[in-house]
Amino acid sequence: MRSLRKRVLLAILVSVVLVLALLHSWPTRAYNTVDVWQRLGPTVERHLEERLPEPDHQLSIIPFRIRENVAGLLARNGCVCEGETPGVNLPFVHLLFPRVSAHPLHTAFNASELEEMKTRRAKEYRSFQQRSKTAADSLIIAEANNPLQYPTQGLEVRPLKTIIIPGLALHDLPRDHYTINITATLGTLNVAAEVEGVKIKGDGEMHMRLASSSLLNMNRQLQFVTYTNTLFHPSTADTVQFETEGHQAAFSIKIRHGVTPKLYNTGSKEEYNVSALVTVATKTFLRYEKLQNLIDSIRRYYPTVTIVVADDSENPKTISGPYIEHYIMPFGKGWFAGRNLAVSQVTTKYVLWVDDDFFFTANTKLEKLVDVLERTTLDLVGGAVREATGYTATYRQTISIEPGEEDGDCLHMRRGYHHIIEGFPNCVVTDGVINFFLARTDKVQQVGFDPRLTRVAHLEFFIDGLGSLHVGSCDDVIINHATKIKLPWVTQSESDKTYAKFRYPPAFSDATRTKNGLLYFKNRFQCLTRN
């Protein structure tokens, strides 16, 4: 009997301990249901629209003369892709005088599915705009002779944190009474200290009102106004309304986490240690002889640099050796999928992309490319590729997007560059380069390579990176390209025939349709012009 009582008491004691532990760990914070769409509330949006100045009708009677050379640079309501008419058809004329051609991208789809595709694309685009736009993107115009002083840029708060709003002040003519109204939408307003002679109403709420008969006391109080973000979002912005009698202003507060750095420990050597800084990445398919030539040439100049190989051959062969990583993929998985795999395994600060039929020479000085990235804000710098004929190419491309309307934007690509880089006379700033480039690993991983592009792709990576990749090109760092010249007395191997079938599909193949379809739907382009 005594043993039974002990068991019961022990069971009760254990139950009490468990209940207390559960109560202690049970969350006590009340969680609210919130709308996380990044968009302005209707009240704020309407208020900002009302604040845009009305046209001054007195100005409409003043004559003016349009400068066509300047006005022609302004954005039009909708873009048009226009190609140049063909000229005289002579041999090599397209190399000497490249002609701009225009390609409508909707032709990637059958007529029966095009309307449905347009509807789906428009829906996705609206969703994209809602996700990507914040209050910081809204147009705000400062009124003339406004007595309100406020921050115009650089104001930032971490999510759910509090800051003092710097720079608030009122510079007004003397009068008996002064009133300030401040309104936020994604947070609350308060004061870190109270000043005598200033009445505060609404502190701790989204709308706060300050009143005082003393301008000095009012300005002193404004120095202690705080903003607390209450609606969590990792990266958005709030628009704060700031008003006094007869005047109003608005300013943005960015709400976002600080950028988490991604740093690379490259050792203590003062000179560039390429093996610690750079990983060579390549994608191979069937061409093992050429790949081995590439590896041998790398080892001649950089014996300890890591080489990452992504391989989607049908019957993969073993590629082994010191500092070599060989990753097998499903057969024919594709060009950009292989790039993704190879780059995903890079742990060094920089990744060097090369094709598997390139080979290093004494002119392949990776230290020069490293120096450019270390001493500039560039994210990626391309080199030059020399053919067996001696011709050297950099494939520099400028890429621009002209805003369109419902049909989409216009994509324009031209050969060339923007300007020369100071301190590097052989290097320029551009938007796209050839398949031989050194890049910051984290930036390449951030942009990524669309794995749906399996056989025909290159500049699509730079199109996806437009606006986030700062690209350069140097023509004094050169890698050689194995010859593609077909000699009549040399029999093409079966692997070369298979490679050519996969690598060079006909102009109107499914691979080309896929590429154009992605430009049309994913990137929302209506057409492409290029020379």
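Which residues have the most contacts inside the largest nonpolar core? The points below take up that matter first, and they concern a predicted model.

1. The largest nonpolar core has 40 residues, and those with the most contacts inside it are Leu380, Leu411, Phe461 and Phe462. Helix H9, which spans residues 335–344, gives the most to this core, contributing five residues. A second core, separate from the largest one, has 39 residues, among them Ile295, Ile307, Val372 and Ile479.

2. Leu411 deserves a separate look. With its neighbours within four places in sequence left aside, Leu411 is in contact with Ile399, Ser400, Ile401, Ile463, Leu519, Phe525, Cys527, Leu528 and Thr529.

3. On the sheet, four strands are arranged in the order E1-E26-E21-E20, forming an open sheet in which the pairing is mixed. Its edge strands are E1 (101–104) and E20 (397–405), each of which pairs on one side only. On average, and with direction ignored, neighbouring strands of this sheet are turned by 20 degrees against each other.

4. Within that order, strand E20 and strand E21 (residues 408–415) pair in the antiparallel sense over seven bridges. In this pairing one can look at Thr398, which stands opposite Arg414 in E21. As a general reminder, strands of a sheet pair through backbone hydrogen bonds, either parallel or antiparallel.

5. The second largest pocket holds about 610 Å³ of space. It is lined by 20 residues, of which Tyr125, Phe128, Lys522, Asn523 and Arg524 are the closest to its centre. Helix H5 (111–132) and helix H12 (459–464) each supply at least two residues of this lining, and the largest share, seven residues, comes from H5.

6. Arg524, one of the residues closest to the centre of that pocket, also calls for a check of its backbone. Its phi is near 60 degrees, a positive value in a residue other than glycine, and Arg524 is found in the loop between helix H14 (510–521) and strand E26 (525–530). The relative accessible area of Arg524 is 12%, which is under 20%, so this residue counts as buried.

7. A comparable check applies to Leu286, where phi is near 75 degrees, again a positive value in a residue other than glycine. Leu286 is found in the loop that runs between strand E13 (278–284) and helix H8 (288–301). Because its relative accessible area is 19%, and the limit for a buried residue is under 20%, Leu286 is likewise classed as buried.

Note on methods: Residues numbered from 1 in each chain as written. Predicted model: local features only at pLDDT ≥ 70, side-chain atom pairs only at ≥ 80, totals over all residues. Heavy atoms only, no water. Buried < 20%, exposed > 50% of the residue type's maximum accessible area, 1.4 Å probe, protein only. Pairing = 2+ DSSP bridges. Axes fitted to C-alpha atoms, helices over the stretch in contact; angles between N-to-C directions. Core = buried A, V, L, I, M, F, W, Y, C linked by side-chain atoms within 4.5 Å. Contact = heavy atoms within 4.5 Å. 1 Å grid on protein atoms, 1.4 Å probe; cavity = no way out; pocket = protein on both sides within 12 Å on 5 of 7 lines; lining within 4 Å. Points joined across faces, edges and corners; volume = space filled by probe spheres on them.
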